[in-house]
Amino acid sequence: MTEFVRFETKIAVVLRDDLETWQRLNMTAFLVSGIGRKVPEVIGEPYADADGTDYLPMFRQPVLVFEAGREALTASHQRAVARGLPLSVFTADLFATGNDRDNRAAVRAVPRDRLDLVGMAVYGPRNVVDKIVKGSRMHP
């Protein structure tokens, strides 16, 4: 029987609700990629199948994906920044760039309160992350 684990922390992704499916999927992968580097304890042990093929480790806990309108996403971003939690952002400008250097330059060129946010990921205590994503709904 599988034991249910209740994590004290939460990984949440908030995506703007007016995006194409490919954009949402691409962004989610990019947004969560930095969390494991910033907070290495969220990464579990490597996997292996019965034949001994090794696989990369993954997050040790679920990633919850939400969607929100522009205003709710902006409010979530402001709350995450105010609390100083590990946070990644994806702006509309990043859909037009093709590499990490240009992505970072596109974000750096815009003041925080003027970013055209289309997605964000945040990690922290479960109850704090719940407050940050308030106004968002679970992604269908």
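In this predicted model, the second largest pocket is lined by Phe4, Val5, Arg6, Phe7, Thr9, Lys10, Ile11, Gln61, Pro62, Leu64 and Arg126. The space in this second largest pocket amounts to about 220 Å³, and its lining, when sorted by class, contains six nonpolar, two polar and three charged residues. Among the elements of secondary structure, strand E1, which covers residues 9-16, gives the most to the lining of the second largest pocket, with three residues.

The largest pocket holds about 690 Å³ of space. Its lining is made up of 23 residues, and those that lie nearest the centre of the pocket are Leu87, Ser88, Val89, Arg104 and Val107. When the residues of this lining are divided by class, 13 are nonpolar, five are polar and five are charged. At least two lining residues are supplied by each of helix H1 (21-38), helix H2 (70-83), strand E5 (87-91) and helix H3 (100-108), and the largest share, six residues, comes from H1.

Helix H1 was then considered in its own right. This helix has 18 residues, and the distance from its first C-alpha to its last is 27 Å, which is close to the 26 Å expected at 1.5 Å a residue. The buried residues of H1 are Gln23, Arg24, Met27, Thr28, Leu31, Val32, Ile35 and Gly36, where buried denotes a relative accessible area under 20%. The elements that cover these buried residues include four strands, namely E1, E4 (63-68), E5 and E6 (117-125).

The strands that cover H1 also belong to an open sheet of five strands, in which the order is E5-E6-E1-E4-E7 and the pairing is mixed. The edges of this sheet are formed by E5 and by strand E7 (137-138), each of which pairs on one side only. Strand E5 runs antiparallel to E6, and the two are joined by five bridges. Within this pairing, Val89 has Met120 of E6 as its bridge partner.

Taken together, these results place strand E5 in several settings: E5 supplies at least two residues of the lining of the largest pocket, is included in what covers the buried residues of H1, and stands at an edge of the sheet. Residue Val89 likewise appears twice, being among the residues nearest the centre of the largest pocket and being the bridge partner of Met120 in E6. Strand E1, for its part, contributes to the lining of the second largest pocket and lies between E6 and E4 in the order of the sheet.

Technical notes: Residues numbered from 1 in each chain as written. Predicted model: local features only at pLDDT ≥ 70, side-chain atom pairs only at ≥ 80, totals over all residues. Heavy atoms only, no water. 1 Å grid on protein atoms, 1.4 Å probe; cavity = no way out; pocket = protein on both sides within 12 Å on 5 of 7 lines; lining within 4 Å. Points joined across faces, edges and corners; volume = space filled by probe spheres on them. Nonpolar A, V, L, I, M, F, W, Y, C, P; charged D, E, K, R; others polar. Expected span 1.5 Å × (residues − 1). Buried < 20%, exposed > 50% of the residue type's maximum accessible area, 1.4 Å probe, protein only. Contact = heavy atoms within 4.5 Å. Pairing = 2+ DSSP bridges.
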